[in-house]
Amino acid sequence: MDKTSQQLEVVSTGTAANGGRTLILLGHGSHLNADSAAAVRRHARAVRAQGLFDEVLEGSWKEEPSLRQLLRLARFRDVTVVPLFVSEGYFTGTVIPRELGFEWRGPVPPGGLTAVIDGHRVHYTRPYGVHPDMAEVIAARAAEVCGEWDPARTALVVLGHGTGRDRQSQQAIEQAAAALRGRGRFAEVQALYLDQAPRVDDWAALTRAPDVVIVPFFASEGWHTQDTIPHDLGLTGAVTEFPELPGGPRRVFYSRPVGTHPAVTRVIVRLVEDSLDAPLSPEEPAWRAAGAALLRASSGEAGLAVGELQVTPLPDGRCDLRSQVDAGRTDLTTVALSDLSAWTGRTADGTHRPIRTQRSLPRGWWAEVETSELRAALHAVYPAVLEEAYAWENGTLPVIPWTDTAERQSGLYAAVRRASPAQVAQARHKTCASCLRTPLWAGEPLSATFLTGDPQALPCPEACTLLVAAVREELGSHQETPAQGEVTHV
């Protein structure tokens, strides 16, 4: 067996050739805020380190890889999906089940949902925020900013987003507040909200203790936790003195959001423990074949060009990845595989890249990976392009026309159903002109892919959420605000 064949065998079989399990962690993501997906990445790394699953994937609603791409990326047929949201609501009960292919709509049962979808046995759990252990995560966040508080002099505010559209979304906040109230660790515990009563703006009137700890019950850092909440409440840091309030001076301690705490990883693992009793599932043949196709395409002396990325084989069997415009440079920043997704998720000036195939791959970096890591590295730079290119080459890539995508939208984006062809075309011109992908969903032709010699040929089988948002804007609706784009209460 020659060296290339040996490398193909390593990449194809991996370490779980006899079967395994895939875990998918889902976040909301954002078209505007790159930090909103950071918590998902951190929890995914922590779960991988525990070795409970043979594969851990990350996805989101607003960024790549999208919910619609994830099952195509799964290596094994047994898939557990955990929504990394702090409470139940519209996204966990409607959007995510719909996009994954479940018929279910509404609050997810305590035991989760299980269905066979596209040949996978998919188990979908409730969001981690409803787990009883989240009360202790809130207390841990309080301890970080307040230290050894006096229970008789300290009030706790569990701060949720709140919404008038779905009362289900506040239940996790209320349950956590009730659990902490019953433990006697604070003089009082209040559940307050940004967008519904009782509002956090009234914290001074709704609490009596001289010290108040505010813990945001949010899934990640974002526009609200970093900007609007501190600004609206007049907070100047982790501790803010209010010397002239009615009733006397007060101190407010403001913590980081609960969803970024490392203890959340333990909650996620407990949510999926029932999935570990299922027998190991076989590897997807298409997953194995796509990996082999990638290695064949990149094994030549010239390597492989994918969009704006250059993959070059090295004499020691490793691969060099960098922007094509950085060919030959020796003054580049070395980026580890574990950091590659976050590094390439921003442009050179720091702008967020929610759709990674936009023509804005940053320069000035390089990554050196083992051949067995090449697939993961490509996925970090351009999520799902390998699987979709391979499926297109083999005639198995489903193409979803715009009318079907529009019909599937609900909530704020249901309006796109009434968009005219001219309005969709105008939105596509604004959005897709800067993308490397060829919009097959709009009827544009494709004659090859990067696997067969055309670096710029990346299939796009379905309109992305960025295009859906652009169509909604074209209709004259309000643009997506940071509040809608970040991970909040849902």
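**Exercise 1. The open sheet**

In what order do the 5 strands of the open sheet stand, and what is their pairing?

*Solution.* Before starting, note that this is a predicted model, in which local features need pLDDT of at least 70 and side-chain atom pairs count only at pLDDT 80 or more, while totals for chains, interfaces and linings use all residues. Residues are numbered from 1 along each chain as its sequence is written, and side-chain values use heavy atoms, with hydrogens and water left out.

Step 1. Strands (E, at least two residues) and helices (H or I, at least four residues) are DSSP runs numbered from the N terminus, and two strands pair if DSSP finds at least two bridges between them. On that basis the open sheet has the order 11-12-13-15-14, with mixed pairing.

Step 2. The edges are taken by strand 11 (304-306) and strand 14 (333-334), each of which has a single partner strand, so one side of each is left without a neighbour in the sheet.

Step 3. Strand 12 (residues 309-313) runs antiparallel to strand 13, to which 5 bridges join it, and within this pair Gln310 has Arg322 of strand 13 as its bridge partner. Strand 13 is also antiparallel to strand 15, with 4 bridges between them, whereas strand 14 and strand 15 run parallel and are joined by 2 bridges. In that parallel pair, Thr333 stands opposite Trp365 of strand 15.

**Exercise 2. The two faces of strand 15**

Which side chains of strand 15 point to one face and are buried, and which point to the other?

*Solution.* Step 1. Buried means under 20% relative accessible area, exposed means over 50%, and partly exposed lies in between, with a 1.4 Å probe and protein chains only.

Step 2. Side chains alternate along strand 15 (residues 365-369): Trp365, Ala367 and Val369 point to one face and are buried, while Trp366 and Glu368 point to the other and are not.

**Exercise 3. The surroundings of Asp320**

Describe where Asp320 lies and what surrounds it.

*Solution.* Step 1. Asp320 belongs to strand 13 (residues 319-323), and its bridge partner in strand 15 is Glu368.

Step 2. With a relative accessible area of 8%, Asp320 is buried.

Step 3. A polar contact is a pair of N or O atoms within 3.5 Å; within protein, one must be able to donate a hydrogen and the other to accept it, and residues adjacent in sequence count only if both atoms are side-chain atoms. One such contact joins the side chains of Asp320 and Arg322 (2.9 Å).

Step 4. Contact means heavy atoms within 4.5 Å. When neighbours within four places in sequence are left aside, Asp320 is in contact with Gln310, Val311, Thr312, Leu314, Trp366 and Ala367.

**Exercise 4. An enclosed helix**

Why is helix 9 described as largely enclosed by the rest of the structure?

*Solution.* Step 1. Helix 9 (residues 264-272) is largely enclosed because 7 of its 9 residues are buried, and these are Val264, Thr265, Val267, Ile268, Val269, Leu271 and Val272.

Step 2. The buried residues of helix 9 pack against strand 1 (22-27), helix 2, strand 3 (78-83) and helix 5 (134-146).

**Exercise 5. Two positive phi values**

Compare the settings of Asp118 and Ala384: is each one buried or exposed?

*Solution.* Step 1. Asp118, a residue other than glycine, has a positive phi near 50 degrees and sits in the loop between strand 4 (113-117) and strand 5 (120-124). At 66% relative accessibility, Asp118 is exposed.

Step 2. Ala384, also not a glycine, has a positive phi near 70 degrees and lies in the loop between helix 12 and helix 13. In contrast to exposed Asp118, Ala384 is buried, with a relative accessible area of 2%.

**Exercise 6. Cis peptide bonds**

Where in the chain is Pro65 placed, and where is Pro198 found?

*Solution.* Step 1. The bond from Glu64 to Pro65 is cis, with omega near -5 degrees, and Pro65 is in the loop between strand 2 and helix 3 (70-73).

Step 2. The bond from Ala197 to Pro198 is cis, with omega near -5 degrees, and Pro198 is in the loop between strand 7 (188-193) and helix 7 (203-206).
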